[in-house]
Amino acid sequence: MTTDSKILAYFKSLRIVHLILAVSFVTAGLCVNFVQSVLFVTLKPINARLYRKINYYVTYFLNCFIVYMVEWWSGSEAIIYGDPVMVKKCMGKEHALLLINHNLEIDWLFGWTIFERLGGLGNIRSYCKKVLQYVPIFGWSWKCQEFVFLDRNWEKDRKNLGRQLRALTQYPDPVWLSLFPEGTRFTSDKHAASMKIAAEKGLPLLKHHLLPRTKGFTASIPHLRGKFDAIYDVVMAVEKTCNNPASVVSMMEGKPLKIISLYRRIPMSQVPDDETEAAAWLQKLYQEKDKVLDNYEKYGKFVPEEDRDKEEYKTYQSFETFQLPRRYYTLCIATIWGCIVMMGLSRYFWHVLMSGSVAQILLLVSVCGGAYAGLNYVINLTKISTSSSYGTSKAS
């Protein structure tokens, strides 16, 4: 590492720098919350299509700060393993349901990054715990973005799920709807409990996944069919040459990550209409996910070269490893907004110092403390933000 690189790395590790980033994000988030709330109350009841068109750009403004941290601040790499022809022809050009493994804290961030490079960041959606809609900034924004909120109570969710999903099918521009069927992040204890249930049900044991929860998936498909063209089977893993912990903290400190994501397109028509058969289809898909992820853990490749011609890997034969180019929108927006915030903060700091007012100094300390708490809130939110389909594995 050169001297310049060491200085830059040290700069990015400073808490005062993180505080400035937090203030930029919090102020941007509150502005977005205000604008979205006004549009939600005034425009959406009159013209939902126009509301969703405008809300795309408002949402993009907020989401770009997160992607900026991934792409530009930390210099992380979002690598794709997939069919380049399919990526160019389909991804970012159709409504799609993403079924993603959930073994990383930052898996959703890299999903956002890929969709940004495809030009759709303002229309990324997910299933979330209902309580999160009351959380400032992200939660309030997700409510206005029409995320799919779940109570984790099947009787309530069954009544509300169709209405929420139908809203997404009416979006004029492509939507990516992320679903984590495992329902919670992978840990050794959760895996042991999940595999105990799998054994009781006579299902194959998985090495790197929890047993997928099928109720939410099977209940969603009838509402998406005919509007969402495809399912994207997504398997994420930390690239073998990455030496930094795969966490939000690493990226905040400017430490680059390398995440490789397998993207396989499956036409929605391949999912059976029958609920029981659809549940079995999802279980089989997770067995396939587990196989390719196990390959990656062992050999550093989802599909070893010597096995590419095998029947079980025929859907992967045209796959290649590549990256989509970064776009400069997130860099420009984050930089310009950061400069505006810095100028405002500088003027305010100077005013407070010159005033000598104890009350204003205490207010300044409070603001800084609140911003720092906001930074920790964003980091902690990444650990609870993603939820999945309803029910426990036993109930699925």
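## Helix packing around Gln145

At 1% relative accessibility, Gln145 counts as buried. The model is a predicted one. Gln145 belongs to helix 6. Beyond its neighbours within four places in sequence, Gln145 is in contact with Gln36, Asn55, Thr59, Asn63, Ile124, Arg125 and Tyr171. Far along the chain sits Phe302, 157 residues from Gln145, and the C-alpha atoms of the two are separated by 34 Å.

**Helix 6 and its ends**

How much of helix 6 is buried? Of its 8 residues, 6 are buried, so helix 6 is largely enclosed by the rest of the structure. The buried residues are Phe138, Gly139, Ser141, Trp142, Cys144 and Gln145.

Consider next the residues that flank this helix. Ile137 lies in the loop between strand 3 (124-129) and helix 6. Its phi is near 70 degrees, a positive value in a residue other than glycine. Ile137 has 5% relative accessibility and so counts as buried. Glu146 follows helix 6. Glu146 is in the loop between helix 6 and strand 4 (148-150). Glu146 is not a glycine either, yet its phi is positive, about 70 degrees. With a relative accessibility of 8%, Glu146 counts as buried.

**Helix 3 against helix 6**

Two packed helices are described by the angle between their axes and the distance between the axes. Helix 3 (residues 48-73) and helix 6 (residues 138-145) pack at about 155 degrees, with axes 10 Å apart. An angle over 145 degrees counts as roughly antiparallel. Helix 3 and helix 6 are therefore roughly antiparallel to each other. Their crossing is left-handed.

Which residues make the contact between helix 3 and helix 6? From helix 3 come Tyr51, Asn55, Thr59, Leu62, Asn63 and Ile66. From helix 6 come Phe138, Ser141, Cys144 and Gln145. By class, this contact of helix 3 with helix 6 has 5 nonpolar, 5 polar and no charged residues. Asn55, Thr59 and Asn63 of helix 3 are also among the contacts listed for Gln145.

**Helix 12 against helices 3 and 2**

Helix 3 also packs on helix 12 (residues 329-355); their axes come within 8 Å and cross at roughly 105 degrees. That makes helix 3 roughly perpendicular to helix 12. On the helix 3 side, the contact is made by Tyr60, Phe61, Cys64, Phe65, Val67, Tyr68, Glu71 and Trp72. On the helix 12 side, the partners are Tyr329, Thr330, Leu331, Ile333, Ala334 and Trp337. The residues of this contact divide into 12 nonpolar, 1 polar and 1 charged.

Helix 2 (residues 15-42) meets helix 12 as well. The axes of helix 2 and helix 12 come within 10 Å and cross at roughly 105 degrees. Helix 2 and helix 12 are therefore roughly perpendicular to each other. Helix 2 contributes Ile20, Val23, Ser24, Thr27, Ala28 and Cys31. Helix 12 contributes Trp337, Gly338, Val341, Met342 and Leu345. The classes here are 8 nonpolar, 3 polar and no charged. Trp337 of helix 12 is named in the contact with helix 3 and in the contact with helix 2.

The table sets out the classes for the three contacts.

| Contact | Nonpolar | Polar | Charged |
|---|---|---|---|
| Helix 3 with helix 6 | 5 residues | 5 residues | no residues |
| Helix 3 with helix 12 | 12 residues | 1 residue | 1 residue |
| Helix 2 with helix 12 | 8 residues | 3 residues | no residues |

**Nonpolar cores**

In soluble globular proteins, nonpolar side chains tend to be buried together. The largest nonpolar core here holds 69 residues. Which of its members touch the most others? They are Phe110 and Trp176. Helix 3 gives the most to this core, with 14 residues. A second, separate core has 32 residues, including Leu179, Phe217, Leu224 and Leu282.

**A buried arginine**

Arg185 is in the loop between strand 5 (176-179) and helix 8 (188-201). Is Arg185 buried or exposed? Its relative accessible area is 16%, under the 20% cut-off, so Arg185 is buried. Arg185 and Leu210 are 25 residues apart along the chain, and their C-alpha atoms are separated by 8.6 Å.

Conventions:
Residues are numbered from 1 along each chain as its sequence is written. This is a predicted model: local features need pLDDT of at least 70, side-chain atom pairs count only at pLDDT 80 or more; totals for chains, interfaces and linings use all residues. Side-chain values use heavy atoms; hydrogens and water are left out. Axes are lines fitted to C-alpha atoms, for helices over the stretch in contact, and angles run from 0 to 180 degrees between N-to-C directions. Helices (H or I, at least four residues) and strands (E, at least two) are DSSP runs, numbered from the N terminus. Angles under 35 degrees count as roughly parallel, over 145 as roughly antiparallel, 65 to 115 as roughly perpendicular and the rest as oblique. A crossing is left-handed if the near helix is turned anticlockwise from the far one by less than a right angle, and right-handed if clockwise. Contact means heavy atoms within 4.5 Å. Ala, Val, Leu, Ile, Met, Phe, Trp, Tyr, Cys and Pro count as nonpolar, Asp, Glu, Lys and Arg as charged, and the others, Gly among them, as polar. Buried means under 20% relative accessible area, exposed over 50%, partly exposed in between (1.4 Å probe, protein chains only). A nonpolar core is a set of buried Ala, Val, Leu, Ile, Met, Phe, Trp, Tyr and Cys residues joined through side-chain atoms within 4.5 Å.
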